[in-house]
Amino acid sequence: MTDPRFSADPRFSAELRATLALAAPAVRAASAALWRPSGLRARYLGYLGAMHALLRASVPLLELAAARCAELAPGDPAAGPLGRYLLRHAEEERGHDDWLLADLAVAGGDPAAALAAVPPAAVAAMAGAQYYWIEHHHPVALLGYLAVLEGNAPAPGLAQRLAAGTALPAAAFRTVRDHALLDTGHLAELDGLLDRLPLGRDRRTAVRVSALHTARELARLFHELAADHRPVFPLAPVPAPVPGGPP
Amino acid sequence: MTDDRTARIGRLYEAGFVVDAFSEEQVEVLLGLGPDELNILLDIKSRLDEAAPEVEAHSEIAGGALF
């Protein structure tokens, strides 16, 4: 008989999506505020800086979680397959934070200023909670974080829309454009893993709590970035508008 | 329905979730949530309700989260 502490649930990914669907209007409203047309160029620069702060934690989090899996593996049947997935994913994500700095430079921002700035509290709340859960609870919590961030990846047309709304060159949108393509495949793989892993009820709760917390903080971050009065990062002057382009 | 389940549905209803419009499957998922999950969900809903009405009007999915 299967130990209930380590049971798999083939419906878990669907249930997680159903739960996150209840939080989706908040994230959608926040991203709508972030991408509204007026003042888009300055907001895009702030977005790149904040997203760099978030993305530079991605590979370290995956590696930390994989290391914890290795420690847990002897007595935890989920740890082996989870650790292998995390290490594979770390290789796929490596270097993407550098893409953001390159986009920022093309967009007229100052990568050194973005690196030096104190990361937004919402970023620390999102990524920092994962460090805590990985270290002090279970590395599977990171899957909730992935489910939300990759589940709210840039829509396929967003890069084009931002280019039109900011009059910045296409090279300033590599990260947004490429993640719109990459994250769809990542999500399907993640759902398969969630349904297969022998997690048991408590670990599944950890994934759901992590996912809902991430959704809440993501909405908060987008709202903060959307606020005109509060520049998130000190940035170099933006390029002069193209004649005939948007204000 | 147990008192606990009734109480959870009541909290969601009071928070403004249109529980009547949920499918039976959605209700089951909600009833399976623990106290922490339910509290975060209610917090998210209250923040959404506090947001300016114009952002609620946008229903398109633009995304922008990165991992």
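Let me begin with one helix, α3(A), which has 15 residues and reaches 21 Å from its first C-alpha to its last, close to the 21 Å expected at 1.5 Å a residue; the expected span here is 1.5 Å times one less than the number of residues in the helix. Helices in this talk are DSSP runs of H or I with at least four residues, strands are runs of E with at least two, and both are numbered from the N terminus.

Before going on, I should say that this is a predicted model, in which local features need pLDDT of at least 70 and side-chain atom pairs count only at pLDDT 80 or more, while totals for chains, interfaces and linings use all residues. Residues are numbered from 1 along each chain as its sequence is written, and chains are lettered from A, and ligands numbered from 1, in the order in which they are written.

Back to α3(A), where A:Ser58, A:Leu61, A:Leu62, A:Ala65, A:Ala66, A:Arg68 and A:Cys69 are buried. They cover an arc of only 160 degrees around the axis, which puts them on the same side of α3(A); the arc is that of the directions from the helix axis to the C-beta atoms. It helps to remember that an α-helix has 3.6 residues a turn, so residues three or four places apart point the same way. By buried I mean that 20 or more other C-beta atoms lie within 10 Å of the residue's own, whereas exposed means 12 or fewer and partly exposed lies in between, with C-beta atoms placed from the backbone. The buried residues of α3(A) pack against α2, α4 (79–93), α7 and α8 of chain A, where two residues are in contact if their C-beta atoms, again placed from the backbone, lie within 7 Å.

Two of those partners deserve a closer look. In α2(A), 15 of the 16 residues are buried, so this helix is largely enclosed by the rest of the structure, and from its first C-alpha to its last α2(A) reaches 21 Å, close to the 22 Å expected. In α8(A), 10 of the 10 residues are buried, so this helix too is largely enclosed by the rest of the structure; among them are A:Tyr145, A:Val148 and A:Glu150. The buried residues of α8(A) pack against α1, α3 (58–72), α7 (121–136), α10 and α11 of chain A.

Let me now step back to the whole of chain A. Its secondary structure comes to 11 helices and 0 strands, and buried residues make up 51% of its 247 residues. With 247 residues, a compact globule would have a radius of gyration near 18 Å, and chain A has 19 Å, which agrees; this radius is taken over C-alpha atoms, and the globule rule is 2.2 Å times the number of residues to the power 0.38. Along its principal axes, the C-alpha trace of chain A spans about 70 × 30 × 30 Å. Among contacts in chain A between residues at least 6 apart in sequence, 85% join residues at least 24 apart.

Chain B has 67 residues, of which 21% count as buried, and its secondary structure comes to 4 helices and 0 strands.

How many residues does each chain bring to the contact? The contact takes 41 residues from chain A and 26 residues from chain B. On the side of chain A that touches chain B, the largest share, 13 residues, comes from α1(A). The residues of that side of chain A divide into 27 nonpolar, 8 polar and 6 charged, where Ala, Val, Leu, Ile, Met, Phe, Trp, Tyr, Cys and Pro count as nonpolar, Asp, Glu, Lys and Arg as charged, and the others, Gly among them, as polar.

The largest nonpolar core has 86 residues, and those with the most contacts inside it are A:Leu54 and A:Ala215; such a core is a set of buried Ala, Val, Leu, Ile, Met, Phe, Trp, Tyr and Cys residues joined through C-beta atoms within 7 Å. Leaving aside its neighbours within four places in sequence, A:Ala215 is in contact with A:Leu20, A:Ala23, A:Val27, A:Val148 and B:Ile44.

I will close with A:Ala167, found in the loop between α9 (158–166) and α10 of chain A. This residue counts as partly exposed, with 17 C-beta neighbours inside 10 Å. Most residues other than glycine have a negative phi, but phi of A:Ala167 is near 60 degrees, a positive value.
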